[in-house]
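Here are a few exercises to work through with the model open beside you. Try each one before reading its solution.

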Amino acid sequence: MSFKEEFFTYLSEFGEYEKRSMFGGMGVFIDGAMYAIITNKSLFLRGGEVLDERLCQLGCAKFKHIKRSTTAIVNYYDITPLFSESRNLSNELIEHSIQIARQDKVEKAADKNKRIRDLPNMRLTLERMVKKAGVKDVTSFMELGASEVFCKVRQVHGQDLDIKLLWMFAGAVQGCHWTLLNDDQKSGLLSAVS
């Protein structure tokens with residue numbers, strides 16, 4: 001059995017997986033979430049959260065994909081020596097990596113499927129207003145923040161917008177009804193748009 005085949009056999013213990021050619025090796029996916037890269041000589045595990053720090057402390061080097069003119073360093077760590085030394089430690093690291101990969105996939109899918117009108121205080125007419133101002137999705141809305149979104153909407157729809165709209169955007173960003181904003185929050189928002 002080749003080195004590569006040994007890794008694939010080992011990873012089958014963690015559930016049914018798919019594999020695809022990635023970064024000059026084979027990407028290993030479980031439930032559509034990539035958690036490992038297998039090359040001819042090494043097993044690289046996806047990091048994330050506290051797992052990055054742990055893999056670094058264990059002396060695991062990051063995966064480097066060398067292209068013609070550039071080198072890409074991705075968040076996958078070589079656990080080959082650990083695999084040889086301790087199967088229990090490898091099992092634990094792989095399970096943690098799979099958990100992170102699945103969680104990231106779920107979070108990304110949730111953001112993609114969420115619409116601006118689904119946020120607190122928002123409705124279809126406000127979503128259309130915001131989109132017309134160039135804020136296309138929830139991710140952009142959250143990254144810009146209430147003040148910036150309000151300014152963009154004001155540029156497109158005129159200066160005489162009701163200030164309540166600013167409070168509604170702020171509540172949407174914070175995940176609460178706009179009436180729950182306190183006076184300090186409101187004055188901070190007002191100074192940001194003045």
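**Exercise 1.** Is Ser147 buried or exposed? Work out where it sits and what surrounds it.

*Solution.* Start with the accessibility: Ser147 comes out at 17% relative accessibility. The cut-off for buried is under 20%, so Ser147 counts as buried. Keep in mind that this is a predicted model. Next, place the residue: Ser147 belongs to helix H6. Now look for partners beyond four places in sequence: Ser147 is in contact with Leu166, Leu189, Ala192 and Val193. Finally, check a C-alpha distance: Ser147 and Phe169 lie 7.9 Å apart, with their positions 22 residues apart in sequence.

**Exercise 2.** At what angle do the axes of helix H5 and helix H6 cross, and which residues make the contact?

*Solution.* Begin with the axes. Those of H5 (residues 124–132) and H6 (residues 138–157) come within 8 Å and cross at roughly 85 degrees. Angles from 65 to 115 degrees count as roughly perpendicular, so H5 is roughly perpendicular to H6. Then list who touches whom: H5 brings Met129, Val130 and Lys132, while H6 brings Phe141, Val149, Val153, Val156 and His157. Sort the contact residues by type and you get six nonpolar, one polar and one charged.

**Exercise 3.** Which residues touch the most other members of the largest nonpolar core?

*Solution.* This core has 27 residues, and the ones to pick out are Met122, Val130, Phe141, Val153 and Phe169. Now ask which elements supply it: H5, H6, helix H7 (164–174) and helix H8 (183–193) each give two or more residues. Zoom in on Val130: setting aside neighbours within four places in sequence, Val130 is in contact with Ile116, Met122, Val135, Phe141, Val149, Val153 and Phe169. Don't stop there, though, as a second, separate core of 26 residues includes Ala33, Tyr35, Cys60 and Leu89.

**Exercise 4.** Which backbone atoms does the side chain of Asn121 reach?

*Solution.* First find the residue: Asn121 is in the loop between helix H4 (87–113) and H5. With a relative accessible area of 15%, Asn121 is buried. Now follow its side chain, which reaches the backbone oxygen of Cys176 at 3.0 Å and the backbone nitrogen of Trp178 at 3.1 Å. Check the backbone spacing too: the C-alpha atoms of Asn121 and Cys176 are separated by 7.8 Å, though the two are 55 residues apart along the chain. To finish, fill in the surroundings: not counting residues up to four places away in sequence, Asn121 touches Leu126, Met168, Gly171, Ala172, Cys176, His177 and Trp178.

Notes
Residues are numbered from 1 along each chain as its sequence is written. This is a predicted model: local features need pLDDT of at least 70, side-chain atom pairs count only at pLDDT 80 or more; totals for chains, interfaces and linings use all residues. Side-chain values use heavy atoms; hydrogens and water are left out. Axes are lines fitted to C-alpha atoms, for helices over the stretch in contact, and angles run from 0 to 180 degrees between N-to-C directions. Helices (H or I, at least four residues) and strands (E, at least two) are DSSP runs, numbered from the N terminus. Angles under 35 degrees count as roughly parallel, over 145 as roughly antiparallel, 65 to 115 as roughly perpendicular and the rest as oblique. Contact means heavy atoms within 4.5 Å. Ala, Val, Leu, Ile, Met, Phe, Trp, Tyr, Cys and Pro count as nonpolar, Asp, Glu, Lys and Arg as charged, and the others, Gly among them, as polar. A nonpolar core is a set of buried Ala, Val, Leu, Ile, Met, Phe, Trp, Tyr and Cys residues joined through side-chain atoms within 4.5 Å. Buried means under 20% relative accessible area, exposed over 50%, partly exposed in between (1.4 Å probe, protein chains only). A polar contact is a pair of N or O atoms within 3.5 Å; within protein, one must be able to donate a hydrogen and the other to accept it, and residues adjacent in sequence count only if both atoms are side-chain atoms.
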